[in-house]
Structures are given as structure tokens and as C-alpha cells.
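Here are my comments on the model you sent round. I went from the overall fold down to single side chains.

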Amino acid sequence: MPPSSKKPKIIFILGGPGVGKGTQCTRLASDFDVVHLSVGDLLRNQQNSELSSLIKNTMTGGGIVPLEIVMAAIQDAVDEHVRNGRNTFLMDGFPRSLEQLVAFEDQFGHCCATLFFQGPEDVLLRRVLNRHKTSGRVDDNEITFRKRIQGYYAQTIPVVDKLRAQGQVIEIDCTGDLDEGYDSVKQAFIEAVSR
């Protein structure tokens, strides 16, 4: 990473598919002038045609994109923003596995906090199916949702458990309307950046 006067302040944003991570990160980024890095979007926007095909097929199948591709995309994005004087990041939907967490910590150090968005599976599915109407995302369908939610329970929940044991998790109930829940998201973010 290029030299910087301050180490980047990175907040993980974790939760199941459709829980509202992207929506709330967009709002936080606007209100607090921080960088919203959606790792999924970084990967979906990959321009290399060979990589983009691999990424699309992996994501459509509900799988996890190879670690070296993910870490390179994150490093490039963080470096670019740090060069432009931006230093606080919302890492949306990352890390999704313990392997990704270890790779991140090796490359960047520990995150300053994790906002863990929670909601029941039926609410998440309904949101994903509604999002499909406007998102254009190939992974917004029920079949992929079922694969993604299984991967989330098997791979991401152990990450949350490890971070929780380290005292790095702030839990947010996202069961209700996303607009109504934004006040608690803002409070959690303010707590996270003060750490």
C-alpha cells in the first residue's frame, strides 16, 4: 500500500443476502462522506473478460470468488481512495469466509469494527426478489438466494462469531422497514468509527 499519514479505517458490513447492507452503506457514505466499497460490485465491474466470466459464473452459482482476485480488487480500490485523501471505508459484504478474514488481516490489519445486519430469512428472500425487479443482478433470484444463504450460514457466520469473540461486532436488527431502521444504523456507525 502507498505511504499514508493514517492507516485506513475499515468497517466490515456483514449480513445475509437482502438484509440491506448496500442500501444502508449508500446512505452512510452520503451522510458521513466515507467510502462505500461493495466487494460484490468491485467484482461484478471487473473489466478483464476472462476474469469477468469466472466471477459471473461463481457469483451466479452462489459461490465465493477466488481469494487472490478478491484481495487484488480490494487493494486497488483502497489504494485509489487513499491516494485521493479518503481514509474511512465501509467494506460491504466482506469478509465472507474465515479464509478471507485471515487474508484481509494479513494485508490490512484488523478492521476497527463490524456492523452485523440481521433479519429473518423470509424477509431477506422477499427483499432479494423485490430488488431483482430493478437491479439487473444475475444473482437476484430464489435459487441463487438459497445457495447464498446456505453459504452465508456455513462460511460467514463463523467470521461473525470470531469477530464477536474479539469484541468487534455491533449487531443491528434489520427486520423492519429499511428507512425506519436507519437511525440505529447511524448510531452503530458512529460507535464504530469512534473505536
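The points below cover the fold, the salt bridges and one serine.

1. First, the usual caveat: this is a predicted model. Please keep that in mind when you look at the atom-to-atom distances further down.

2. On the overall architecture, I get eight helices and five strands for the chain. Reading from the N terminus, the elements go β-α-β-α-α-α-β-α-β-α-α-β-α.

3. What about the radius of gyration of the chain? The chain has 16 Å, and that agrees with the value near 16 Å that a compact globule of 195 residues would have. The C-alpha trace spans about 45 × 40 × 30 Å along its principal axes.

4. Burial and contacts come next. Of the 195 residues, 48% count as buried. If you take contacts between residues at least 6 apart in sequence, 80% of them join residues at least 24 apart. As for the surface, the chain exposes about 9,600 Å², with carbon and sulfur atoms supplying 49% of that area.

5. Now the charged pairs. How many salt bridges are there? The count comes to nine, and I'd pick out a few of them for the text.

6. One to show in a figure is R27 with D179, where the closest N and O atoms are 2.3 Å apart. R27 sits in helix α1 (residues 21–32), while D179 is in the loop between β5 (169–173) and α8 (182–193), so this pair ties together parts of the chain that are 152 residues apart in sequence. Are the two partners buried or exposed? R27 is partly exposed, at a relative accessible area of 23%, not far above the 20% under which a residue counts as buried. D179 is exposed, at 52%, and the cut-off there is over 50%.

7. R146 and E142 make a local pair: their side chains meet in a salt bridge at 3.1 Å, N to O. Both residues belong to helix α7 (residues 142–165) and lie four residues apart, about one turn of the helix. R146 is partly exposed at 32% relative accessibility, and E142 is likewise partly exposed, with a relative accessible area of 36%.

8. E171 and R164 form another salt bridge, with 2.8 Å between the closest N and O atoms. E171 counts as partly exposed at 41% relative accessibility, and R164 as partly exposed at 35%. Which residues are joined into one network by salt bridges that share partners? They are E121, E142 and R146, so the pair from the previous point belongs to that network.

9. Finally, have a look at S97, in the loop between β3 (88–92) and α5 (98–108). S97 is buried, with a relative accessible area of 9%. What does the side chain of S97 reach? It reaches the backbone nitrogen of Q100, at 3.1 Å. Leaving out residues up to four places away in sequence, S97 touches I64, Q155 and V159.

10. For the figures, I'd suggest one panel for R27 with D179, whose salt bridge comes in at 2.3 Å, and one for S97 with its contacts I64, Q155 and V159. A third could show the network of E121, E142 and R146.

Technical notes:
Residues are numbered from 1 along each chain as its sequence is written. This is a predicted model: local features need pLDDT of at least 70, side-chain atom pairs count only at pLDDT 80 or more; totals for chains, interfaces and linings use all residues. Side-chain values use heavy atoms; hydrogens and water are left out. A salt bridge is a side-chain nitrogen of Lys or Arg within 4 Å of a carboxyl oxygen of Asp or Glu. Helices (H or I, at least four residues) and strands (E, at least two) are DSSP runs, numbered from the N terminus. Buried means under 20% relative accessible area, exposed over 50%, partly exposed in between (1.4 Å probe, protein chains only). A polar contact is a pair of N or O atoms within 3.5 Å; within protein, one must be able to donate a hydrogen and the other to accept it, and residues adjacent in sequence count only if both atoms are side-chain atoms. Contact means heavy atoms within 4.5 Å. The radius of gyration is taken over C-alpha atoms; the globule rule is 2.2 Å times the number of residues to the power 0.38. Accessible areas come from the Shrake-Rupley method with a 1.4 Å probe; for residues, only the protein chains shown count as cover.
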